[in-house]
Amino acid sequence: MNGRLHLLLLMPAAALCALWLAWRGLAVVDFAYPAWYRVMDIHGHIQEYGPQNRFRADFESTTPAERARLFGAIVDAIHDDGRGLDGLRYHAPDGREIAPLLHEAEIVHLQDVARLVSTLAPVGWLAVAWTVVHLGLVYARGWPVPGPGRVVAITLLVVGAGVAALLAAGFRDVFYALHEWVFPADHQWFFYYQDSLMSTMMKAPWLFAGIGALLLVVALGIYLGIFGLAGKLSEAGRSRRAGA
């Protein structure tokens with residue numbers, strides 16, 4: 001296999017691998033929700049829209065820790081085929097149960113999200129597996145890998161073009177279009193803050209913009225790390241073959 005062909009296989013596999021590992025890693029820390037909570041003033045957002053909710057009462061009386069717990073429970077559920085969503089309850093600061101967090105349409109939407117994650121998981125793990133195998137082949141066969149400067153330049157060019165396209169199209173428009181494309185047409189995915197504690201506590205879609213940016217940064221770090229390792233393995237492989 002020539003150098004260009006093996007890179008055409010490695011680059012997309014490494015990109016998918018990096019995105020999936022970044023997603024799984026960030027899921028462990030609930031996508032840094034407590035940090036976004038402070039940065040985006042989600043507390044103020046809840047204090048404004050919680051009292052306006054037409055289905056649930058007194059969510060504004062809950063603590064930031066309770067809201068972080070609920071967000072973490074949703075993250076856990078969408079990585080477990082949606083199990084437990086109908087059992088989520090929110091509590092007053094004294095521990096008294098107030099009400100279920102989610103109504104039926106919200107549960108259905110989050111179950112759709114859980115199915116999407118389950119569908120994408122095999123693709124992500126396959127990309128991880130192929131990347132590991134490919135790195136082994138880079139070492140075994142001494143396939144050439146571009147230097148760090150070139151990898152960084154190409155990566156930043158591609159990512160910059162993608163971000164520019166997203167900004168030109170409009171994040172909100174792209175966000176809504178993806179939902180229309182991915183989720184069943186007869187399932188509700190847009191919720192006004194007055195109708196959804198889920199949307200309120202997530203300050204949708206702005207929280208997702210922040211999480212997406214964080215995901216991209218972490219994935220970029222992993223991707224560049226993969227190519228840094230590939231370069232070292234390539235050099236070691238060529239040295240081993242030259243000395244054999």
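Student: Which helix gives the largest share of the nonpolar patch?

Tutor: The largest share comes from α1, which contributes three residues. Please keep in mind that this is a predicted model.

Student: Which residues make the nonpolar surface patch, and what is its area?

Tutor: Leu5, Leu8, Leu9, Trp130 and Val133 form the patch, with an area of about 450 Å². Two elements, α1 (3–28) and α5 (104–141), each supply two or more of its residues.

Student: Where does Trp130 lie, and how accessible is Trp130?

Tutor: Trp130 is located in helix α5. Its relative accessibility is 33%, so Trp130 is classed as partly exposed. The reasoning rests on a cut-off: partly exposed lies between under 20%, which is buried, and over 50%, which is exposed.

Student: Let us turn to charged residues. How should a salt bridge be read, and how many salt bridges does the structure hold?

Tutor: The general idea is that side chains of opposite charge can pair when their charged atoms come close. In this structure there are six salt bridges. One of them joins the side chains of Asp195 and Arg54, at 2.7 Å from N to O.

Student: Which parts of the chain does the pair of Asp195 and Arg54 link?

Tutor: This pair connects distant parts of the chain, with the two positions 141 residues apart in numbering. Asp195 belongs to the loop between α7 (171–182) and α8 (197–202), while Arg54 belongs to the loop between α3 (42–49) and α4 (64–78).

Student: Is Asp195 buried or exposed, and is Arg54 buried or exposed?

Tutor: Asp195 is buried because its relative accessible area is 16%. Arg54 is exposed because its relative accessible area is 57%.

Student: Where do Arg69 and Glu66 lie?

Tutor: Both residues lie in helix α4, three residues apart, which is about one turn of the helix. Their side chains meet in a salt bridge of 2.9 Å, N to O. Arg69 counts as partly exposed because its relative accessibility is 38%, whereas Glu66, at 11%, counts as buried.

Student: What is the distance between the closest N and O atoms of Asp81 and Arg83?

Tutor: The closest N and O atoms of this salt bridge are 3.4 Å apart. Asp81 has a relative accessibility of 49%, so Asp81 counts as partly exposed. Arg83 has a relative accessibility of 52%, so Arg83 counts as exposed.

Student: Which residues are joined into one network?

Tutor: Asp80, Asp81 and Arg83 form one network through salt bridges that share partners.

How values were computed: Residues numbered from 1 in each chain as written. Predicted model: local features only at pLDDT ≥ 70, side-chain atom pairs only at ≥ 80, totals over all residues. Heavy atoms only, no water. Patch = residues over 30% accessible without salt bridge, like charges linked within 9 Å, V, L, I, M, F, W, Y side chains within 5 Å. Areas by Shrake-Rupley, 256 points an atom, 1.4 Å probe, with all protein chains shown as cover. Salt bridge = Lys/Arg side-chain N within 4 Å of Asp/Glu carboxyl O. Helix = DSSP H or I, 4+ residues; strand = E, 2+ residues; numbered from the N terminus. Buried < 20%, exposed > 50% of the residue type's maximum accessible area, 1.4 Å probe, protein only.
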